[in-house]
Amino acid sequence: MTLKPLALLPDPILRAKSDPIERVDEDVRKLADDMLETMYDAPGIGLAAIQVGIPRRMLVIDCSKEEEEDAPLVFINPQIVASSDDRSAYEEGCLSIPDYYAEVERPAYVTVDYLDREGKQRQIEAEGLLATCLQHEIDHLNGVLFIDHISRLKQNMVIKKFTKLAKSRGGTRI
Ligand code: ZN
């Protein structure tokens, strides 16, 4: 397994729309494993392929608690097919926007169709942190970031801060 470098705000790749995966083969499974390793190393609870620079519709999530065993989930071509009117708010962060957190309100329950690591069609009804995490990561596949859900003023401040940081690093990728 290989750790992948993370794309950071304001890297334009984060705004790209990812393409569906046509066949779940060994390459796709290898990418899923690399993404999981990269996510655990960060550490984070969710990662979309686009965050490691690969515009394909896949994400990995592990919302298990610290004291619980790891529960890695792989979602290929995930699609929200239903969401609740009930909403819930979570303090969100993102591996592509390190050390920045803001409260985002989203539907509390979502139903998601997806293919698993073996290419099998599945459906999950998610609530709580998993529902938020799925929506955050599926947003990534459409070039949407969680800061798009906060006030324009706050969003501009974050983008400015990370643009400055990127300049001081001498590039937009590390
Ligand atoms: Zn994110």
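How many residues of each class, nonpolar, polar and charged, does the lining of the second largest pocket have? The legends below concern a predicted model, and the first of them takes up this point.

**Figure 1. Lining of the second largest pocket in the predicted model.** By class, the lining comprises 4 nonpolar, 2 polar and 5 charged residues. Met39, Tyr40, Pro43, Gly44 and Ile45 are among the lining residues. Further along the chain, the lining includes Asp62, Ser64, Lys65, Glu66, Glu68 and Asp70. The volume of this pocket is about 230 Å³.

**Figure 2. The largest pocket and the residues nearest its centre.** This pocket holds about 420 Å³ of space. Its lining is made up of 22 residues, and those nearest the centre are Ile45, Gly93, Cys94, Leu95 and Tyr101. Two or more lining residues come from each of strand E4 (87-94), strand E5 (97-107) and helix H2 (128-141).

**Figure 3. Helix H2 at the lining of the largest pocket.** With 6 residues, H2 gives the most to this lining. Across the whole lining of the largest pocket, 11 residues are nonpolar, 7 are polar and 4 are charged.

**Figure 4. Surroundings of Leu36 in helix H1.** Helix H1 spans residues 26-41 and contains Leu36. Leu36 counts as buried because its relative accessibility is 10%, and buried means under 20%. Leaving aside residues up to four places away in sequence, Leu36 touches Val60, Pro72 and Val74. Leu3 lies 33 residues from Leu36 along the chain, and the C-alpha atoms of the two are separated by 8.9 Å.

Terms used
Residues numbered from 1 in each chain as written. Predicted model: local features only at pLDDT ≥ 70, side-chain atom pairs only at ≥ 80, totals over all residues. Heavy atoms only, no water. 1 Å grid on protein atoms, 1.4 Å probe; cavity = no way out; pocket = protein on both sides within 12 Å on 5 of 7 lines; lining within 4 Å. Points joined across faces, edges and corners; volume = space filled by probe spheres on them. Helix = DSSP H or I, 4+ residues; strand = E, 2+ residues; numbered from the N terminus. Nonpolar A, V, L, I, M, F, W, Y, C, P; charged D, E, K, R; others polar. Buried < 20%, exposed > 50% of the residue type's maximum accessible area, 1.4 Å probe, protein only. Contact = heavy atoms within 4.5 Å.
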